[in-house]
Amino acid sequence: MTPMPRISQQRSPQTRRRYARLAPCAAVLAAALAWSGPGAAQSAPAISDDIVRLGLILDMSGVYADVTGKGSATAAQMAIDDFGGTVLGKKIDLLVADHQNKADIAAARAREWYDTQKVDAVMDVAGSAPALAVLEVAREKKKIVVFSGPGTERITNDLCSPYSVHYTYDTWSLANTTARAIVDRGGKSWYFLTADYAFGHTLQASATDVVKARGGTVLGAARHPLGSSDFASYLLQAQSSRAQVVGLANAGGDTVNAIKAASEFGLTQGGQKMAGLLLYINDIHAIGLDAASGLMLTEAFYWDMNDQTRAWSQRYYDKLKKMPNMSQAGTYSSVMHYLKAVQAAGTDAPDAVMKQMKAMPINDFFAANGRIREDGRMVHDMYLFEVKKPSESKRPWDYYHLVATVPGDEAFMPLSKSTCPLVKTAAK
């Protein structure tokens, strides 16, 4: 058998030079093939779909339209514009929807946005029932949702999620601040007018706990449907209870209508006090100082606190011809914080962004040294105000006396009382 010819291992000078030129290219190609091989880690794009999409699911036409609605949408757009309109070189887009105060509509819209519109984060949902519905969709989809409008403390308590943040206030902080102050000032017996849904129930329960813990009593409660126009029968029950304090566990138009009706019924002239457990500056503006003066209330923000709050609020006023409330200011702050977290994380991936949101402190006109706990609660100072008399108000929207500043660690539910599974996990 004729042996195969031996292939020479020696190369000519020209061949060696050609191989030397090709070697770096071959090395790069080999590295790329090794990186993209089966089972190898893949690098994800910094911004999914080349755009950051944010959504707001609000009440645009109902009982909460004045305290969220167009005002919250305006605040969110202000934050996007102030950030520069882009993050990591990609456009920031804002979607706004009206849920009509229906939980099923809110959930359906959130699901559509997350699935087909590629929304990265829902930055507010007005109303507790719609908020809880969207919370579950966000949990399922592992998408970020931030709340400034709804109040129920369940968002960071038993229903907490690793992808949710409760930013502005909650029922525990409202009750703990307002009810405590009123009981300590002699308002020992209470009767509640309560909105008959998740927010109202939770707010009444939280206030009841505070009243009883400080030596007071609760004589009863009347529950009314959302969007009530006639409070006569409920106020007659409150009047006949002879309670020193009538606690309003409702919000928005319901609170406004209840306070106006109470004034017409002569309830406060008869010696009973009204306690608005959730009152916005919009509500005081609608009620008027004649009917609202002397009310004590808790807010997370007031436009006339300092130079920073006044400067931002004037910009907001120039757009809508009214001053912002705490939920609208909180929406601006939360959108800015989210975008800063995306910038710091280098991506809009939910886990990476949420990690940054919890790691970064919040210092702006809305909050000083705010922080997001493991349960999703953004902890910041809360403020107890008393509504001025008409003679004390010096200009439009000059409505509040500051009574007390309550540090965040005192205003919000301590983790030792929390039933959030994330807190238990963190403690192990």
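**Entry 1: H12 and H13**

I started with helix H12 (residues 326-345) and helix H13 (residues 350-359) in this predicted model. Their axes come within 8 Å and cross at roughly 115 degrees. An angle from 65 to 115 degrees counts as roughly perpendicular, and H12 and H13 are therefore roughly perpendicular to each other. I noted the crossing of H12 past H13 as right-handed.

Next I looked up which residues meet. On the H12 side I listed His337, Tyr338, Ala341, Val342, Ala344 and Ala345; on the H13 side, Ala352, Val353, Gln356 and Met357. Sorted by class, this contact of H12 with H13 holds eight nonpolar and two polar residues, and no charged ones.

**Entry 2: H2 and H11**

I then took a second helix pair, H2 (residues 69-83) and H11 (residues 307-320). They pack at an angle of about 120 degrees, and their axes are 11 Å apart. Since 115 degrees is the upper limit for roughly perpendicular and roughly antiparallel begins over 145, H2 and H11 are therefore oblique to each other. H2 passes H11 in a right-handed crossing.

From H2, the contact takes in Lys70, Gly71, Thr74, Ala75, Met78 and Asp82; from H11, Trp312, Arg315, Tyr316, Lys319 and Leu320. I sorted the residues of this contact of H2 with H11 into five nonpolar, two polar and four charged. The contact of H12 with H13, by its own sorting, has no charged residues.

**Entry 3: H5 and threonine 177**

How many of the 14 residues of H5 are buried? I found twelve, so H5 is largely enclosed by the rest of the structure. The buried residues are Thr171, Trp172, Ser173, Leu174, Ala175, Asn176, Thr177, Thr178, Ala179, Ala181, Ile182 and Val183.

I also checked the length of H5. At 1.5 Å a residue the helix should span 20 Å, and its end C-alpha atoms are 19 Å apart, which agrees.

I picked threonine 177, which lies in H5 (residues 171-184). Its relative accessible area is 3%; buried means under 20%, so threonine 177 is buried. Apart from neighbours within four places in sequence, threonine 177 is in contact with Thr298, Leu384 and Val406.

**Entry 4: H4 and what follows**

Helix H4 (residues 128-141) also has its length on record here: 14 residues, reaching 20 Å from the first C-alpha to the last, close to the 20 Å expected at 1.5 Å a residue. In H4 I found Ser128, Pro130, Ala131, Leu132, Ala133, Val134, Leu135, Val137 and Ala138 buried.

Against what do the buried residues of H4 pack? I listed four strands and two helices as partners: strands S1 (51-58), S4 (121-125), S5 (144-147) and S6 (164-166), and helices H3 (103-115) and H6 (198-213).

Lysine 142 follows H4, and its phi is positive, near 55 degrees.

**Entry 5: other positive phi values**

Most residues other than glycine have a negative phi. I noted two further cases with a positive value. Asparagine 101 has a phi near 60 degrees, and I placed asparagine 101 in the loop between strand S3 (90-98) and H3.

Arginine 242 also has a positive phi, near 60 degrees. Its place is in the loop between helix H7 (232-241) and strand S9 (245-249). Is arginine 242 buried or exposed? Its relative accessible area is 72%, and the cut-off for exposed is over 50%, so arginine 242 is exposed.

**Entry 6: leucine 193**

I turned to leucine 193, in strand S7 (residues 189-195). At 0% relative accessibility, leucine 193 counts as buried. Leaving aside neighbours within four places in sequence, leucine 193 is in contact with Ala222, His224, Phe231, Tyr234, Leu235, Ala238, Val246, Gly247, Leu248, Ala249 and Asn250. I also looked up its separation from aspartate 254: the two are 61 residues apart in sequence and 10.0 Å apart in space, C-alpha to C-alpha.

**Entry 7: the whole chain**

Last, I noted the totals. The chain has 15 helices and 15 strands. Of its 428 residues, 52% count as buried. Among contacts with a separation of 6 or more, residues 24 or more positions apart account for 70%.

Notes:
Residues numbered from 1 in each chain as written. Predicted model: local features only at pLDDT ≥ 70, side-chain atom pairs only at ≥ 80, totals over all residues. Heavy atoms only, no water. Axes fitted to C-alpha atoms, helices over the stretch in contact; angles between N-to-C directions. Parallel < 35°, antiparallel > 145°, perpendicular 65-115°, else oblique. Left-handed = near helix turned anticlockwise from the far one by under 90°. Contact = heavy atoms within 4.5 Å. Nonpolar A, V, L, I, M, F, W, Y, C, P; charged D, E, K, R; others polar. Buried < 20%, exposed > 50% of the residue type's maximum accessible area, 1.4 Å probe, protein only. Expected span 1.5 Å × (residues − 1).
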